[in-house]
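Colleague: I'd like to learn how the labels people put on helices and strands are decided. Could you walk me through some on a real example?

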Amino acid sequence: MIKNKTDFQCVVVGAGVIGLSVARSIAKKNKNVLVLEKNHKFGQETSSRNSGVVHAGIYYPKNSLKAQLCVKGNSEIYSYAQKRGIKFNKCGKLIIANNPFEEKILSKIKKNADKNGIFLKYKNYKTLKKIEPNLKCYSALYSKTSGIVDSQDLMINFIADIEKKRGKLVFNSKVDYIHEENEKIKFSINKNNFFSTRILINCSGLQSHILASKIEKLNKKLIPKITFVKGSYMKLSSRSPFKRLIYPLPTKYGLGIHSTLNIEGQTIFGPDEEIVKKINYNVIERKKTKFVKSIKKFWPAISKELITCDYSGIRTKVQKNDFVIQDHSIHNIKGLINLFGMDSPGLTSSIPIGEYIANKCMNFLK
Ligand SMILES: Cc1cc2nc3c(=O)[nH]c(=O)nc-3n(C[C@H](O)[C@H](O)[C@H](O)COP(=O)(O)OP(=O)(O)OC[C@H]3O[C@@H](n4cnc5c(N)ncnc54)[C@H](O)[C@@H]3O)c2cc1C
């Protein structure tokens, strides 16, 4: 509970991996920071409902925020995890083609990766048979810097860094009203307590556009149209057939139903893509047919009996498919930063996103 109506320097709304990383970077710059979270615990939403993959930065257009922050985030997340004893596995990833036509798409992917400074190695059928004997494919691209990380432990470490610098986290606190007055951002928590801060950063994930729509004076035309794309996952009940992450070619809204390993070494398949209007995390048995059909393309031994329904997550897709970070240079409200469309690779990019926003805050607090 926050008892008095103290003024804050920086308030971050949302204790997901991005909000926590932003708060950590601000705290590291010795500015006082408060994180407000509506749930009773950190990371209960998208940050614990993803593939947990550390992406290399292969698919995003050169110079996009996703490309820049993901490439930087890939190396930063591994070195942070190494330093802090957070579990990770830089196991590598194969993007597979099933026929010569798909192989042409692989070469386009490789060219794009080159532009982002990522070197992908072409592997032919013979080599693949040796390294992944259970994999059915025609050829593949190998990304050696892709892997997985323990996202829960990552967030726990971000919190430790925030608290070490005397930053605070307060749970069960829903920010519901925001407006700017005399160069301060006023906001309310749980509809009755009013506070003010120099800077407020909206990192509220799936609710970012909804919270932004309640900000007085914000030109609502700047809020991007958000499409919710739900992704369900299925867990393999037998031993993992692969040592690496196996990805088909990317699809319209995602990277296709892939085979990942979680930090406990279990194999998880997913996510699929389903446009939804409301947030609902049910994973339905009926989807097994679709999953088996997709997975069969690269692992013929799959059957419905081998998989069980697991978890799901929801991506916030914006039209340009890039991270959208808006400060006063865009919306003209001093001290307000809105984040939209922070879907994949948001986990991988979390550390540089934090630094990027903290630098914006420092410029403002100067
Ligand atoms: C299916 C799926 C797979 C993915 N796979 C990967 C992957 O393999 N690798 C990768 O790098 N990225 C991946 N991502 C993306 C990654 O998970 C997200 O980018 C990241 O988790 C977003 O973090 P966040 O902090 O913005 O959001 P969240 O984790 O959703 O956190 C937002 C927080 O804000 C809180 N909140 C909302 N409204 C309010 C309010 N009004 N007041 C107070 N608190 C509020 C919420 O309760 C929540 O805790 C995936 C995403 C999905 C959906």
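Modeller: Let's take the helix contacts, then the ligand, the strands and a few odd backbone spots.

Modeller: One thing up front: this is a predicted model, where local features need pLDDT of at least 70 and side-chain atom pairs count only at pLDDT 80 or more, while totals for chains, interfaces and linings use all residues. Residues are numbered from 1 along each chain as its sequence is written.

Colleague: Fine. What makes a stretch a helix or a strand here?

Modeller: Both are DSSP runs, numbered from the N terminus: helices are H or I with at least four residues, and strands are E with at least two. Helix α1, for instance, covers residues 17–28, and helix α9 covers residues 346–365.

Colleague: Why is α1 called oblique to α9?

Modeller: They pack at an angle of about 40 degrees, with their axes 7 Å apart. Axes are lines fitted to C-alpha atoms, for helices over the stretch in contact, and angles run from 0 to 180 degrees between N-to-C directions. Under 35 degrees counts as roughly parallel, over 145 as roughly antiparallel, 65 to 115 as roughly perpendicular, and the rest as oblique. So α1 is oblique to α9.

Colleague: And what handedness does that crossing have?

Modeller: α1 passes α9 in a right-handed crossing. A crossing is right-handed if the near helix is turned clockwise from the far one by less than a right angle, and left-handed if anticlockwise. Residues making the contact include Val17, Ile18 and Ser21 of α1, and Gly346, Leu347 and Ser350 of α9. To be in contact, two residues need C-beta atoms, placed from the backbone, within 7 Å.

Colleague: What classes do the residues of that contact fall into?

Modeller: There are 10 nonpolar, five polar and two charged. Ala, Val, Leu, Ile, Met, Phe, Trp, Tyr, Cys and Pro count as nonpolar, Asp, Glu, Lys and Arg as charged, and the others, Gly among them, as polar.

Colleague: How do you know which word fits α1 and α5?

Modeller: The axes of α1 and helix α5 (residues 151–164) come within 8 Å and cross at roughly 30 degrees. That angle makes α1 and α5 roughly parallel to each other, therefore. Their crossing is left-handed. Among the residues that meet are Leu20 and Ala23 in α1, and Leu154 and Phe158 in α5. This contact of α1 with α5 has nine nonpolar, two polar and three charged residues.

Colleague: What about α2 and α9?

Modeller: The axes of helix α2 (residues 65–84) and α9 come within 6 Å and cross at roughly 105 degrees. α2 and α9 are therefore roughly perpendicular to each other. Leu69, Ile77 and Tyr80 in α2 are among the residues that meet α9, whose side includes Ile351, Pro352 and Tyr356. By class, the α2 contact with α9 has eight nonpolar, five polar and two charged residues.

Colleague: Which residues come nearest to the ligand?

Modeller: Gly14, Gly16, Asn50, Gly205 and Gly346 do, out of 42 around the ligand. A residue is near a molecule or strand if its C-beta atom, placed from the backbone, lies within 6 Å of it. The shell divides into 15 nonpolar, 20 polar and seven charged residues. At least two of them come from each of α1, β18 (307–317) and α9.

Colleague: What makes two strands a pair?

Modeller: DSSP has to find at least two bridges between them. Strand β1 (residues 7–13) and strand β12 (residues 193–202) have six bridges, in the parallel sense. β12 also pairs in the parallel sense with strand β20 (residues 336–340), over three bridges. Ile201 of β12 stands opposite Val12, and in β20 the bridge partner of Ile201 is Ile337.

Colleague: Which strand pairs with β12 in the antiparallel sense?

Modeller: Strand β11 (residues 184–189) does, over five bridges. β11 and β12 form a hairpin with three residues between them, and Asn190 in the turn has a positive phi of about 50 degrees.

Colleague: Why are β3 and β4 called edge strands?

Modeller: Three strands form an open sheet in the order β3-β8-β4, with antiparallel pairing. β3 (53–54) and β4 (88–89) each pair on one side only.

Colleague: Last one: where are the cis peptide bonds?

Modeller: One joins Gly270 and Pro271, with omega about -10 degrees. Another joins Ser344 and Pro345, with omega about 10 degrees, and Pro345 lies in the loop between β20 and α9.
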